[in-house]
Amino acid sequence: MSFRLRRFRSVLVAGAGALLLTAVAVAAPLIAAVYGTGPQDTFADDLDAYGMPYGVAGGVSTVHWLGLEPGLGRDLLIQTIYGMRTSLAVVGPAVLLATLLGTVVGGLAGLFGGWVDALLTWVTDVAIALPLLLCAIAVIRPLELAFYGPRDAVPGWFRMVTLVGLFAVLGWTGVARLVRTQVRALRERDFVTAAIALGAGPGRILRREVLPHLGPPIVAGGSLLLPMFTSAAAALSFLGLGVLEPTPDLGRTIQRSLGYLQTDPAYVLFPGLALVCMVFVFTALGESVRRAFDPGPGR
């Protein structure tokens with residue numbers, strides 16, 4: 001019981017941290033309004049002739065709490081908060097779609113068994129073997145060229161939709177394997193056997209008898225996708241394949257800050273800490289949820 005209580009507390013702590021980060025990101029427009037600075041506002045007068053902010057730690061002051069971006073003169077606090085908002089705008093829908101796809105594939109494989117299970121398991125194994133980042137790097141630009149010419153500007157929304165779609169298509173496998181295992185175990189339970197004996201079809205069995213018992217694996221699998229997608233989105237932005245300007249993005253901010261490591265380390269410190277906090281909190285949440293739902297002995 002003490003192990004379960006501690007695990008329950010860990011879920012609460014991690015969930016509170018994730019909720020706090022999400023609330024800050026969602027409230028970015030309200031924070032910007034209270035703070036008095038928007039994500040596209042620039043402060044060229046606060047930069048010297050070399051484009052560096054006046055003062056210490058990148059221009060940290062009572063007006064600009066985390067300083068300014070060198071060269072661009074944008075407020076770094078607002079860029080960081082809006083960057084978190086952008087990350088969640090990509091990661092949130094991607095996690096939901098990947099979880100839904102994995103639930104459907106795993107549910108069908110576990111329920112039907114036989115050749116359906118063999119085929120869907122093979123598809124899952126192939127998808128697992130595809131590295132997320134490498135596939136995204138290989139697909140993003142050719143996909144954009146298929147819809148837009150080499151000289152046409154790619155809309156920001158198209159890049160975001162592309163990222164969401166790629167993450168969902170390539171990230172559903174873990175949820176599918178968890179759901180398949182659970183459905184195979186449920187298929188042998190008495191209430192499922194009774195439903196089959198009464199003539200219930202596969203759709204009704206999956207919807208009425210199986211899905212209500214799939215909450216733990218679905219929640220656990222979906223929560224584990226949060227840190228993976230967050231770090232992948234930042235990595236793609238770091239490589240220039242993430243969310244486009246002028247939308248703020250943590251990965252792009254970190255990439256731009258590398259040229260100022262010696263002259264302005266605060267430029268990489270603050271967005272880097274924000275990204276680390278997001279990945280850490282989401283990882284802790286996913287691991288806590290997984291352990292809370294782990295049916296193994298002593299859990």
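Is Arg74 buried or exposed at 7% relative accessibility? Arg74 counts as buried, where buried means under 20% relative accessible area, exposed means over 50%, and partly exposed is in between (1.4 Å probe, protein chains only). Before going further, a word on what you're looking at. This is a predicted model, in which local features need pLDDT of at least 70, side-chain atom pairs count only at pLDDT 80 or more, and totals for chains, interfaces and linings use all residues. Residues are numbered from 1 along each chain as its sequence is written, and side-chain values use heavy atoms, with hydrogens and water left out.

Back to Arg74, then. Arg74 makes a salt bridge with Glu245, and their closest N and O atoms are 3.6 Å apart. The rule here asks for a side-chain nitrogen of Lys or Arg within 4 Å of a carboxyl oxygen of Asp or Glu. Arg74 sits in the loop between H2 and helix H3 (76–112), while Glu245 sits in the loop between H10 and H11, so this pair ties together parts that are 171 residues apart in sequence. Helices, by the way, are DSSP runs (H or I, at least four residues), as strands are (E, at least two), and they're numbered from the N terminus. Unlike buried Arg74, Glu245 is partly exposed, with a relative accessible area of 39%. The two also belong to a network of salt bridges that links Glu69, Arg74, Glu245, Arg252 and Arg256.

By that rule the count comes to nine salt bridges, and Glu144 takes part in a couple worth opening up. With Arg141, the closest N and O atoms of Glu144 are 2.5 Å apart. Both residues lie in helix H5, three residues apart, or about one turn of the helix. Glu144 also meets Arg159 in a salt bridge, at 2.4 Å from N to O. That pair links distant parts of the chain, with Glu144 in helix H5 and Arg159 in helix H6, 15 residues apart. How covered are these side chains? Glu144 is buried, with a relative accessible area of 0%, and Arg159 is buried too. Arg141, by contrast, is partly exposed at 34%.

Now for the rings. The structure holds six aromatic pairs; rings of Phe, Tyr and Trp (its six-membered ring) pair if their centres lie within 6.5 Å, and planes under 30 degrees apart count as stacked, over 60 as edge-to-face and the rest as tilted. Take Tyr148 and Phe158: their ring centres are 5.2 Å apart and their planes stand at 85 degrees, so the pair is edge-to-face. It links distant parts of the chain, as Tyr148 is in the loop between H5 and helix H6 (156–170) and Phe158 is in helix H6, 10 residues apart. Both Tyr148 and Phe158 are buried. Phe167 and Phe229 also have their ring centres 5.2 Å apart, but with planes at 15 degrees, so this pair is stacked. Phe167 lies in helix H6 and Phe229 in helix H10 (residues 215–238), so the pair ties together parts that are 62 residues apart in sequence. Phe167 is buried at 0% relative accessibility, and Phe229 is buried at 0% as well. Tyr148 and Phe158 also join Phe147 and Trp157 in one aromatic cluster.

On the surface, Leu133, Leu134, Ile137, Phe238, Leu239, Leu258 and Leu261 make a nonpolar patch of about 600 Å². Patches are made of residues with over 30% relative accessible area and no salt bridge: like charges are joined within 9 Å, and nonpolar side chains (Val, Leu, Ile, Met, Phe, Trp, Tyr) within 5 Å. The areas come from the Shrake-Rupley method with a 1.4 Å probe, and for residues only the protein chains shown count as cover. Helix H5 (residues 132–147) gives the most to the patch, with three residues. Leu261 is in the loop between helix H11 (250–257) and helix H12 (266–292), and it is partly exposed, with a relative accessible area of 43%.

Finally, the record. The unreviewed UniProt entry annotates residues 88–113, 119–140, 160–179, 218–241 and 266–285 as "transmembrane region"; such annotations may be inferred rather than shown by experiment, positions follow the numbering used here, and feature names are shortened. In the model, residues 160–179 are 90% helix and 0% strand, with end C-alpha atoms 28 Å apart. Residues 266–285 are 100% helix and 0% strand, and their end C-alpha atoms lie 28 Å apart.
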